[in-house]
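Colleague: I would like to go through the contact between the two chains, and then one annotated position. Please put the model up.

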4 protein chains.
Amino acid sequence: MSVSVAFIGLGAMGYRMAAHLPKAFQSVWVWNRSFEKAEQHAKTYGTQAVSIEQATQADIIFSCLPTSRQVEDIIQAHPPKAGAIWVDCTSGEPESAKRMVEFLKTYQADFLDAPVSGQTIGAEKGTLTVMIGGDQAAFERAYPAIETFGGLIKHVGDAGAGFAVKAVNNMLLAVHLWAAAEGFTALKASGVDLNSALECINASSGKSGVTETTLPQRILNRSFPLTFALPLLAKDTGIALNLAQQAKLPTPLLSLIQNLIQAANLTAAPDSDFSAAVKLYEDWTKITIQ
Amino acid sequence: MSVSVAFIGLGAMGYRMAAHLPKAFQSVWVWNRSFEKAEQHAKTYGTQAVSIEQATQADIIFSCLPTSRQVEDIIQAHPPKAGAIWVDCTSGEPESAKRMVEFLKTYQADFLDAPVSGQTIGAEKGTLTVMIGGDQAAFERAYPAIETFGGLIKHVGDAGAGFAVKAVNNMLLAVHLWAAAEGFTALKASGVDLNSALECINASSGKSGVTETTLPQRILNRSFPLTFALPLLAKDTGIALNLAQQAKLPTPLLSLIQNLIQAANLTAAPDSDFSAAVKLYEDWTKITIQ
Amino acid sequence: MSVSVAFIGLGAMGYRMAAHLPKAFQSVWVWNRSFEKAEQHAKTYGTQAVSIEQATQADIIFSCLPTSRQVEDIIQAHPPKAGAIWVDCTSGEPESAKRMVEFLKTYQADFLDAPVSGQTIGAEKGTLTVMIGGDQAAFERAYPAIETFGGLIKHVGDAGAGFAVKAVNNMLLAVHLWAAAEGFTALKASGVDLNSALECINASSGKSGVTETTLPQRILNRSFPLTFALPLLAKDTGIALNLAQQAKLPTPLLSLIQNLIQAANLTAAPDSDFSAAVKLYEDWTKITIQ
Amino acid sequence: MSVSVAFIGLGAMGYRMAAHLPKAFQSVWVWNRSFEKAEQHAKTYGTQAVSIEQATQADIIFSCLPTSRQVEDIIQAHPPKAGAIWVDCTSGEPESAKRMVEFLKTYQADFLDAPVSGQTIGAEKGTLTVMIGGDQAAFERAYPAIETFGGLIKHVGDAGAGFAVKAVNNMLLAVHLWAAAEGFTALKASGVDLNSALECINASSGKSGVTETTLPQRILNRSFPLTFALPLLAKDTGIALNLAQQAKLPTPLLSLIQNLIQAANLTAAPDSDFSAAVKLYEDWTKITIQ
């Protein structure tokens, strides 16, 4: 009997991720709150648009939603069947992963936290980085499904570990972003050509994913394309900070950044890309980073 | 008549940089305060160990010293001849570059600030990134000499621009270093395997030169090899902050990092590598980053 | 029939606070985990040392314990009788006050959060500042009992408001403390006489409770007497920060201070007074504030 | 022969300070760039409006100008006579005091840095706090003149010590101000009545000059009266930070505040009072502190 796989949440990431599942599975069910998206997905990729009741009865269920709260609501309303594995690709909260593992135990089902990195382009190409927390055996059983859209697929620890790594990754992204804003503004104020400076720094020890990608492709060209929304980055920095606070760690740098990203988010235009956080800094300095 | 080239300051970087000059020049003069180093260099690479008086009379003079103050002291005591170009590869202060340009004008000589990035390995291979500020024509005349040890060679602006870019590069390095310390400590406190986390982050948006190189090669393996001294990083973050302050820019993040690096430097063991700055954080948390 | 009043938790503060209750009430019951303290209190002040079961059946029950968790444990194990008022003088968490109000509703009893300020000297003299959150009618009924040890007694809002004000007060104390450490160290490093500087600042706009009291009486004289433990200040700054975070407020300053106090607490000697937080800063600078 | 005293700079402070000099001296000369102010002062208080050439030839010369630069310009253009004492009440830079002491030595004249605190009300009543750096004998000779407008008059150290204490005082003011903004916003967001909270905190350990005066008299009533301009507070926090940086001290808190005040100043309306710095924070949170 063939394995059924479901994908819940067809946003910018999920829509592209779910498109790879038919490569390896015959029964691929998709569901989305705005159901036309599910129907469109079915028509385009040969998946089946199904009800939430059916989707949650698959052998392997993926979810990719804005926050852990929405995932928990669906799981509690529609628990999976015994033996199922729920693979949550949301950028979620470590605490939620622990709660869902416990909750699904009573249904004899497994929960893996499996957030992804690589943006829409990685989702499209099936080269996403997937960082996974939870039971090792469940991880191995889910592997063939995850593999359809994953490049680097890594089991990083127990329940919540995947969410923790993703949150710290995004916190580092936020730190690097704000640091680049301050540093390049100082260079511009000193009359340095920013493109030349960027080329040097990207060949030096101060480089980061932000200087290599975000700065040239989103900020210096003033495009700020909305592919990863600023409120989600604000949420993720909050998750990373909670992680540190639960361990009672002092984190002066992470705290400062979480505050600045929060202030940027509060003052940003609606539908701002995460890279637009630098606009708060531009407001202070009256210097445009370009 | 052949061009004479001199190199002043044969430290870990200068010793290796000067070794490339004989590839393109017949008269290569070297000088070092501990003169045996100059003699050893001459014997090994076919350069000539000369007096400071002779070295400063070359057509092109390179300097690579701990701070701008030492460079200024030598220049003022031994000004170059008319038509000479002084190429200062020190990680120096933009204000010093402006002063030296003015000072050398009265001797009809040029000054370029030309700090390098790429560590001893880049100096050895001759693939250093060189970021240069100053007169365009002088830059072009000095190019063949710089090319012997440079990979990416970039004219980034007027006098001081090279020093400014280098200072900001090293400030970003410091930010990324401290951010990694806080972030990876939070992960470790949560029971996440750091090597797996590192592999994921290096394939994701939160990566930096620190996560790709410093963390695995110096910190996680607890080696902290002394190739770039912590007091020099403290000095460079100070230069970057001065740059911002002269433009009256608010820089909450850069200020915090400069303070933390300064505190780390004040409490560090003698001869600490820059990467050992994380030990201050480890003192607070009692968690070793490994 | 006369009103019975109980006091649970005879620490440095509670012991002195409970001593005032016999001025206004005939039946004053006291309880403490180390029961000898209760017996000693009874002997000294004419109160009655009773079991926890009896104490929690008083008409008005005061509690003054290290954290909200301990208060909740006692309340849940020994809920008060209908009509009773529980007045919690712990420096507790606003969320806990809201939970206890709800919990006691099922027992038709009231809960007031009523933290105090004024240290042991204020407790002894009966001049404590009491900041109270919760039901207005319950506040008025409990007023005669609170009045026995209170100077300024203020109803500041709904459930949790008292705890919130206390947490912010202690956060401000922490900010002022760290600011004084940095500022006076800078003055000392510049050769200024600290006692003269302090006299000037206390007559000027930069003064605070810290410059007026903490600095001269605990730090400059190097006495650091243990009257308010550093771990409790660390807890209180955490409560204040939670308050801000639940409102999703950016608070760069409060976050930094909470981190520094946490680091100070992690590295402090056991049984350190809150004022000893400055020793972390002295470790960095090698300058003693005296 | 009687002693002549001059006052240079009749701003909001100087105008009122100079008004006390005729109480003790017969020859009181005043000068101001807008000369009508000097004439008005003469008419009102019985002083003499004189040229800058005459003013700088007095036995004791007071100056009270926006910045040290303006004081230095006047001193260099119009050095005092031998035996004179220049008493600079500007909130100036310690480095400037050292330079002026050296400069006046060649004219056999003395320089005291003597900044004041107490605002216009203190200037009017003659109760200013005066913190003085420089030569002890010169201090004693100038004392009778300083005494006319001073309450607490304190010799705090060598040249520059007075400016240093004033700068740190104003930095503490800035810290306390921003801390109050964050703390009271958190309370308001939690539904606490701010006036009640303020009353409690002013009777507790978290009080400061800001909670006692600035908050009730300038912010909560939304008056923000211009008596101490925000750009001057930004300048003073910069002086305090320079002091720390010259001693190579890490000062994470003072640095953060200097940055925030600088950002507040860059985004403030023209002619903003220092207390209006909180408006930057209100911009972030959309919560008005009242």
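Colleague: Which residue of chain B meets the side chain of A:E212 in a salt bridge?

Modeller: This is a predicted model. A salt bridge needs a Lys or Arg nitrogen within 4 Å of a carboxyl oxygen of Asp or Glu. For A:E212 the N to O distance is 3.9 Å, and the partner is B:K207.

Colleague: Which element gives the largest share of the side of chain A that touches chain B?

Modeller: Elements giving two or more residues to that side include β8 (128–133), β9 (150–157) and α10 (209–219) of chain A. The largest share is 20 residues, and the element they come from is α8(A).

Colleague: How many residues of the side of chain A that touches chain B are nonpolar?

Modeller: In total, 60 residues of chain A are in contact with 60 residues of chain B. The area buried between the chains is about 4800 Å², with 71% from carbon and sulfur atoms. On the chain A side, 6 residues are charged, 18 are polar, and the nonpolar count is 36.

Colleague: Where does UniProt place the feature "active site", and is that residue buried or exposed?

Modeller: The unreviewed UniProt entry places the feature at A:K166, which is found in helix α8 (residues 161–189) of chain A. Leaving aside neighbours within four places in sequence, A:K166 is in contact with A:S91, A:P115, A:V116 and A:M131. Because its relative accessible area is 9%, under the 20% cut-off, A:K166 counts as buried.

How values were computed: Residues are numbered from 1 along each chain as its sequence is written. Chains are lettered from A and ligands numbered from 1 in the order in which they are written. This is a predicted model: local features need pLDDT of at least 70, side-chain atom pairs count only at pLDDT 80 or more; totals for chains, interfaces and linings use all residues. Side-chain values use heavy atoms; hydrogens and water are left out. UniProt positions are given in the numbering used here, feature names are shortened, and annotations may be inferred rather than shown by experiment. Helices (H or I, at least four residues) and strands (E, at least two) are DSSP runs, numbered from the N terminus. Buried means under 20% relative accessible area, exposed over 50%, partly exposed in between (1.4 Å probe, protein chains only). Contact means heavy atoms within 4.5 Å. Buried area is the accessible area (1.4 Å probe) that two parts lose on being put together, summed over both. Ala, Val, Leu, Ile, Met, Phe, Trp, Tyr, Cys and Pro count as nonpolar, Asp, Glu, Lys and Arg as charged, and the others, Gly among them, as polar.
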